[in-house]
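Work through the exercises below with the sequence and the coordinates open. Each task is followed by a solution in steps.

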Amino acid sequence: MADILKIENLSVRYRVYEGFLEVINGLSLYVREGERVGLIGETGCGKTTVLKAAAAVLRTPPAQVKVDGIEVCGLRTDSRAGLKNVRKNVSMIFQDPSSSLNPTLKISTQMMDILKSQFPGLKKEEYKKRMLDALAKVSMPAPERVLDSYPIQLSGGMRQRVCIAMALMKDTRLIIADEPTTALDVTIEEQILNLLDTLVTEQKKSLIIVSHALGAIRKITDYVYVMYAGNIVEYGRTKEVFENPRHPYTKGLLAATPKLTGDGIADGIAGDIPSYLNPPKGCRFADRCPKATEQCRESAPVLADDGTGHLAACFGAKEGRKNE
């Protein structure tokens with residue numbers, strides 16, 4: 001299958017008062033046609049930075065983006081035509097629907113702008129039909145009323161449904177969802193994720209999603225990348241990674257997930273993400289890893305395959321080792 005999204009050797013740093021934050025460190029990531037891919041990790045690991053770079057919406061400056069050591073604006077979008085091409089072919093759903101929608105414009109106006117950029121020259125009636133169809137697909141109650149509403153007149157769940165509808169009505173092959181349920185209450189979180197999964201599958205689109213709801217990631221994705229402090233530390237089929245994690249960080253992340261049975265308090269990972277101002281030269285997880293060696297602190301491990309397509313960046317990850 002062809003790669004819909006191909007990121008190779010991406011580095012991103014931010015200029016701050018003290019110097020530069022070396023956030024993304026030579027990261028590579030791929031999404032193939034028809035795949036649903038998850039990206040998981042702690043807050044502050046750089047997941048949103050990667051997605052914004054992929055969608056060419058990362059603000060530069062303060063960010064400085066390099067691909068293969070060459071500074072670019074976004075992902076090889078230094079030309080206006082390249083930038084327009086990326087935004088035409090990628091749909092992105094942001095964390096907070098309130099900040100994604102213009103509070104001064106009605107929903108119909110904002111949806112119309114997207115349709116006109118994608119399908120210029122249609123009649124007004126056709127535009128309205130497409131908007132109503134898009135809202136109906138996300139199970140929006142009273143779509144006619146929603147079109148005539150301002151964002152503040154809608155609930156958080158309705159605003160997020162609008163954002164999903166806007167992403168799906170674009171003629172794009174890839175949808176990037178950055179924690180699409182962050183602003184929602186738990187009663188509709190799973191509903192929104194299942195809805196997104198169903199619509200992406202029906203429309204045969206590719207999806208890359210960031211979510212702290214690991215149960216949802218396990219349920220709706222085919223493959224998963226585990227990210228820590230700007231690096232991909234593990235990758236593989238979602239079921240395999242969740243059932244047989246090879247990297248100590250992945251094991252700690254899964255162990256920290258609250259148990260539905262209520263059996264005890266979920267374990268956390270001791271320590272904090274290292275400073276991006278002065279990141280360690282070896283494995284960035286070494287100071288928090290209970291099995292770190294001197295080799296881990298001196299050299300940065302690379303992703304190694306166990307022979308099944310399950311990759312881990314850890315000197316201690318042995319081929320075929322089961323969860324300890």
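Contact means heavy atoms within 4.5 Å. The model used here is predicted.

**Exercise 1.** Place Leu105 in the chain, state which residues it touches, and classify its exposure.

Solution.
- Step 1. Leu105 sits in the loop that runs between α3 (97-100) and α4 (107-118).
- Step 2. Leaving out residues up to four places away in sequence, Leu105 touches Gln110, Tyr150 and Pro151.
- Step 3. One of these, Pro151, is 46 residues from Leu105 along the chain, and the two C-alpha atoms are separated by 7.9 Å.
- Step 4. Partly exposed lies between the limits of 20% and 50% relative accessible area. Leu105 has 29% relative accessibility, so it counts as partly exposed.

**Exercise 2.** Check the span of α4 against the expected value and list its buried residues.

Solution.
- Step 1. The 12 residues of α4 should span 16 Å at 1.5 Å a residue.
- Step 2. The end C-alpha atoms of α4 are 17 Å apart, which agrees with that expectation.
- Step 3. The buried residues in α4 are Ile107, Gln110, Met111, Met112, Ile114, Leu115 and Gln118.

**Exercise 3.** Describe the largest nonpolar core and the helix that contributes the largest share of it.

Solution.
- Step 1. The largest nonpolar core contains 93 residues, and Leu29, Met111, Val162 and Ile176 have the most contacts inside it.
- Step 2. Helix α7 (residues 156-168) supplies the largest share of this core, 8 residues.
- Step 3. α7 has 13 residues, and its first and last C-alpha atoms are 18 Å apart, close to the 18 Å expected.
- Step 4. Of the 13 residues of α7, 12 are buried. Among them are Arg159, Gln160 and Arg161, as well as Val162, Ala165 and Met166.
- Step 5. Met111 touches Ala165 and Met166, and its other contacts include Met131, Leu135, Leu147 and Met169, with residues up to four places away in sequence not counted.
- Step 6. In soluble globular proteins, nonpolar side chains tend to be buried together.

**Exercise 4.** Is Ser91 buried or exposed, and which residues does it touch?

Solution.
- Step 1. Ser91 belongs to strand β6 (residues 90-93).
- Step 2. Ser91 is buried because its relative accessible area is 1%, and the limit for buried is under 20%.
- Step 3. Beyond residues up to four places away in sequence, Ser91 touches Ala167, Lys170, Thr172, Leu174, Ile175 and Ile176.

**Exercise 5.** Locate Ser139 and Glu179, give phi for each, and classify their exposure.

Solution.
- Step 1. Ser139 is in the loop between α5 (124-137) and α6 (143-147), and Glu179 is in the loop between β7 (174-178) and α8 (186-202).
- Step 2. Phi is near 55 degrees for Ser139, a positive value in a residue other than glycine. For Glu179, phi is near 50 degrees, again positive in a residue other than glycine.
- Step 3. Ser139 has 47% relative accessibility and so counts as partly exposed, whereas Glu179, with a relative accessible area of 10%, is buried.

**Exercise 6.** Find the cavities of 30 Å³ or more and characterise the lining of the largest cavity.

Solution.
- Step 1. Searching the whole structure gives 1 cavity of 30 Å³ or more.
- Step 2. The volume of the largest cavity is about 70 Å³.
- Step 3. Its lining includes His247, Pro248, Cys283, Phe285, Cys289, Cys296 and Cys314.
- Step 4. The lining residues of the largest cavity divide into 11 nonpolar, 1 polar and no charged.

Technical notes
Residues are numbered from 1 along each chain as its sequence is written. This is a predicted model: local features need pLDDT of at least 70, side-chain atom pairs count only at pLDDT 80 or more; totals for chains, interfaces and linings use all residues. Side-chain values use heavy atoms; hydrogens and water are left out. A nonpolar core is a set of buried Ala, Val, Leu, Ile, Met, Phe, Trp, Tyr and Cys residues joined through side-chain atoms within 4.5 Å. Buried means under 20% relative accessible area, exposed over 50%, partly exposed in between (1.4 Å probe, protein chains only). Helices (H or I, at least four residues) and strands (E, at least two) are DSSP runs, numbered from the N terminus. On a 1 Å grid over the protein atoms alone, a cavity is a set of points where a 1.4 Å probe fits but cannot get out, and a pocket is an open set with protein on both sides within 12 Å along at least five of seven lines; lining residues have an atom within 4 Å of a point. Grid points are joined across faces, edges and corners, and a volume is the space filled by probe spheres set on the points. Ala, Val, Leu, Ile, Met, Phe, Trp, Tyr, Cys and Pro count as nonpolar, Asp, Glu, Lys and Arg as charged, and the others, Gly among them, as polar. The expected span of a helix is 1.5 Å times one less than its number of residues.
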